[in-house]
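I opened a fresh page for this one and kept my notes in the order I looked things up. Pull up the model and follow along with me.

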Amino acid sequence: MQTPNVHKSRSFPWHILIFLAPAVIVYTVFMIIPLIDSLRLSLYAITPDHQEVFNGLNNYVVLLTDPRWSAAFQNAFWNNVKFFIIHMVVQNSIGLLLASLLVAGGRARSVYRTLIFAPTVLSVVIIGFIWNLILSPLWGVGESILKAVGLGALFAPWLGLASSALTTLSLISVWQFIGIPMLLFYVALLGIPEELMEAARVDGAGGWTAFWRIKFPLILPTVGIVAILTFVGNFNAFDLIYTVKGAQAGPQFATDIMGTFFYRTFFGSQLQLGNQPMGATVAGMMLFIILAGVAVYLFFWQRRIATYDL
Amino acid sequence: MTATKPVSERLPHTHWLERLAPHFVLIAYCIVALFPIVLIVMNSFKSRDGIFSAPFQPPTAETFSLIGYETVLGRANFPNYFLNSLIVTGVSLLLILFFGSMAAFALSQYHFRGDVIVGLFLALGIMVPIRLGTIGILRMIVSLNLANTLVALILVYIAQGLPLTVFILTQFYRQIPRELTDAAHMDGASEYRIYTLLTPLVRPAIGAIGIFTMIPIWNDLWFPLILAPSDQTATITLGTQQFLGQFVSDWNAVLAALTLAMVPILLMYILFSRQMVKSVTAGAVK
């Protein structure tokens with residue numbers, strides 16, 4: 001970095017240090033150092049007399065290959081992948097649909113936008129409990145609604161069944177967070193100049209064609225941002241599963257994802273003692289997964305897509 | 001987007017059905033989004049019989065009851081949880097904005113050795129979730145004797161909120177015309193004075209960042225659960241979670257607790273929603 005000569009003649013720039021210090025110190029001490037400490041701990045084992053001994057990559061090998069750990073890890077990982085795919089497919093496509101309708105929504109659009117975004121600002125704890133009540137066979141609200149539209153036979157205690165619990169929880173999460181992709185897509189769509197769409201119409205493109213051939217390519221950068229935000233958020237999720245299903249992520253770990261697996265591993269639960277080095281190892285794997293996702297986004301998506309200056 | 005007219009005005013010949021279709025879908029989705037919330041609030045004002053016999057009816061003279069609220073306010077420590085949340089969220093937010101604006105100001109106004117590295121270092125936390133450092137944080141908080149204190153939560157939330165705040169504010173400070181700073185320098189203003197002069201100019205951004213940082217802090221379950229789980233220090237999110245767990249079978253109390261936990265954040269949201277969306281829009285179209 002070339003510094004202009006003027007600065008050299010001046011005294012040490014204390015003011016820069018003072019401006020930066022509080023943020024850099026709090027961030028370093030309470031985020032970066034704990035992250036590094038946690039990664040360090042994942043390379044150690046704790047002996048029965050509470051000594052930390054260096055263990056190399058052994059914890060990672062155990063997590064990935066020892067059947068006592070690897071089955072639980074793979075279960076949580078693949079559940080998390082499923083959780084993510086449901087968000088990508090359902091949340092982000094409905095979000096895009098709502099956004100494109102909003103753009104055409106006329107004067108009422110700010111009302112729609114505000115209402116649809118409302119569940120997003122509520123705590124996951126509240127949302128989890130609300131849906132727990134609605135889907136409860138005890139109250140029967142969900143069942144009555146399905147009956148009213150003639151689908152009563154479909155009703156089952158979805159949250160309680162191993163076969164449907166994870167999908168149900170994913171859809172609850174989709175319902176809550178759909179406002180975020182909607183808002184981001186909406187803003188991106190607003191940025192497309194009307195002249196461009198005008199030109200397309202003159203050329204005879206219908207609404208559907210114009211959307212996929214002109215608008216969609218133009219908002220690809222936002223599609224990438226939404227995808228990476230969803231990915232990081234999903235592989236870091238915890239609150240919803242913990243609220244509805246507890247740390248055991250039942251039934252039979254059918255709803256276990258990386259976040260709940262991490263919590264159980266380091267904090268312990270009714271069935272197992274907490275294990276900090278193994279917990280740190282799970283966190284290390286989560287970091288690796290998230291960084292891999294970010295890398296795919298930065299090096300494949302952002303490089304490949306063409307961006308247009310509007 | 002300045003001169004965009006609604007599509008409907010520009011295409012007078014489209015079929016009325018085609019023009020109304022978006023509204024049908026949007027209204028239908030609004031119902032999907034709001035119905036669960038309305039159902040809970042409505043039933044929280046009903047007796048147990050009313051909740052089960054006619055869940056879709058608003059409270060009537062016969063079914064109206066405040067028994068759930070009496071249970072919640074009588075047994076749980078809700079006012080205390082609420083106060084804890086208010087302190088944690090308020091103090092964290094103030095310090096995030098204060099420290100964040102100072103750092104962003106420095107990164108945008110000065111060239112110094114390593115400025116790019118400092119910027120990237122601070123931006124790291126945008127993509128890497130702070131939760132992954134939980135074990136390190138817990139060990140540090142315990143060694144500092146801060147377990148079960150609100151201070152622990154505040155420190156962690158500041159660290160969590162800073163990266164995005166600094167990143168966004170830096171871009172806003174950069175947009176302020178250079179002439180303004182130069183003029184202030186000419187008048188002999190100190191660097192600190194210039195910070196206080198420029199910061200009001202990025203106020204719209206500060207408002208938006210404030211809302212977007214506040215919501216996750218207010219709603220967080222993870223760190224209160226791990227760092228400050230005692231009943232004395234429980235935030236409203238953790239307190240609600242524990243209360244709901246204990247009172248699962250008391251439907252009146254559960255519905256009342258859910259309603260009480262929702263109201264403050266929904267009120268805030270309604271008050272600020274316009275500004276929130278405006279700031280996102282402004283950021284993208286600038």
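**Entry 1: burial in chain A.** I call a residue buried if 20 or more other C-beta atoms lie within 10 Å of its own, with C-beta atoms placed from the backbone. I am working on a predicted model. By that cut-off, buried residues make up 39% of the 310 residues in chain A.

**Entry 2: the build of chain A.** I looked up the secondary structure and found 15 helices and two strands in chain A. Next I checked the radius of gyration of chain A, which is 25 Å, well over the 19 Å that the globule rule gives for 310 residues, so chain A is more spread out than a compact globule. Taken along the principal axes, the C-alpha atoms of chain A fill a box of roughly 80 × 75 × 35 Å. I also looked at contacts in chain A with a separation of 6 or more, and 66% of them are between residues 24 or more positions apart.

**Entry 3: chain B and its confidence.** I noted two domains in chain B, domain 1 (7-71) and domain 2 (77-246). Their C-alpha centres lie 36 Å apart. The average pLDDT of chain B is 88, and 91% of its residues score at least 70. Where in chain B is confidence lowest, and where is it highest? The low end is helix α1 (residues 7-10) of chain B, with a mean of 48, and the high end is helix α12 (residues 222-227) of chain B, at 96. Over residues 7-11 of chain B the pLDDT is below 50, and I find four contacts for this stretch beyond near neighbours in sequence. A reminder to myself: where pLDDT is low, the predicted coordinates should not be read in detail.

**Entry 4: where the chains meet.** I looked up the complex scores first: the predictor gives an ipTM of 0.88 and a pTM of 0.89. In the model, 66 residues of chain A are in contact with 73 residues of chain B. What kinds of residues make up the side of chain B that touches chain A? I got 54 nonpolar, 14 polar and five charged.

**Entry 5: the largest nonpolar core.** This core has 153 residues, and the members that touch the most others are A23(A), A103(B) and V156(B). Helix α8 (residues 150-174) of chain B gives the most to the core, with 15 residues. I then followed A23(A) outward, leaving aside its neighbours within four places in sequence, and listed its contacts: F99(B), G100(B), M102(B), A103(B), L122(B), L162(B) and V166(B).

**Entry 6: backbone oddities.** Most residues other than glycine have a negative phi, and most peptide bonds are trans. I went looking for exceptions. The peptide bond from G250(A) to P251(A) is cis, with omega near -10 degrees. P251(A) lies in the loop between α13 (239-245) and α14 (258-267) of chain A. That loop between α13 and α14 of chain A also holds A249(A), which is not a glycine yet has a positive phi of about 50 degrees. Is A249(A) buried or exposed? A249(A) is buried, because 28 other C-beta atoms lie within 10 Å.

In chain B I stopped at N148(B), a residue other than glycine with a positive phi, near 60 degrees. N148(B) sits in the loop between α7 (134-143) and α8 of chain B. With 17 other C-beta atoms within 10 Å, N148(B) is partly exposed.

Methods
Residues are numbered from 1 along each chain as its sequence is written. Chains are lettered from A and ligands numbered from 1 in the order in which they are written. This is a predicted model: local features need pLDDT of at least 70, side-chain atom pairs count only at pLDDT 80 or more; totals for chains, interfaces and linings use all residues. Helices (H or I, at least four residues) and strands (E, at least two) are DSSP runs, numbered from the N terminus. The radius of gyration is taken over C-alpha atoms; the globule rule is 2.2 Å times the number of residues to the power 0.38. A residue is buried if 20 or more other C-beta atoms lie within 10 Å of its own, exposed if 12 or fewer, and partly exposed in between; C-beta atoms are placed from the backbone. Two residues are in contact if their C-beta atoms, placed from the backbone, lie within 7 Å. Ala, Val, Leu, Ile, Met, Phe, Trp, Tyr, Cys and Pro count as nonpolar, Asp, Glu, Lys and Arg as charged, and the others, Gly among them, as polar. Domain bounds come from an automatic or database domain assignment. pLDDT is the predictor's confidence in each residue, from 0 to 100. A nonpolar core is a set of buried Ala, Val, Leu, Ile, Met, Phe, Trp, Tyr and Cys residues joined through C-beta atoms within 7 Å.
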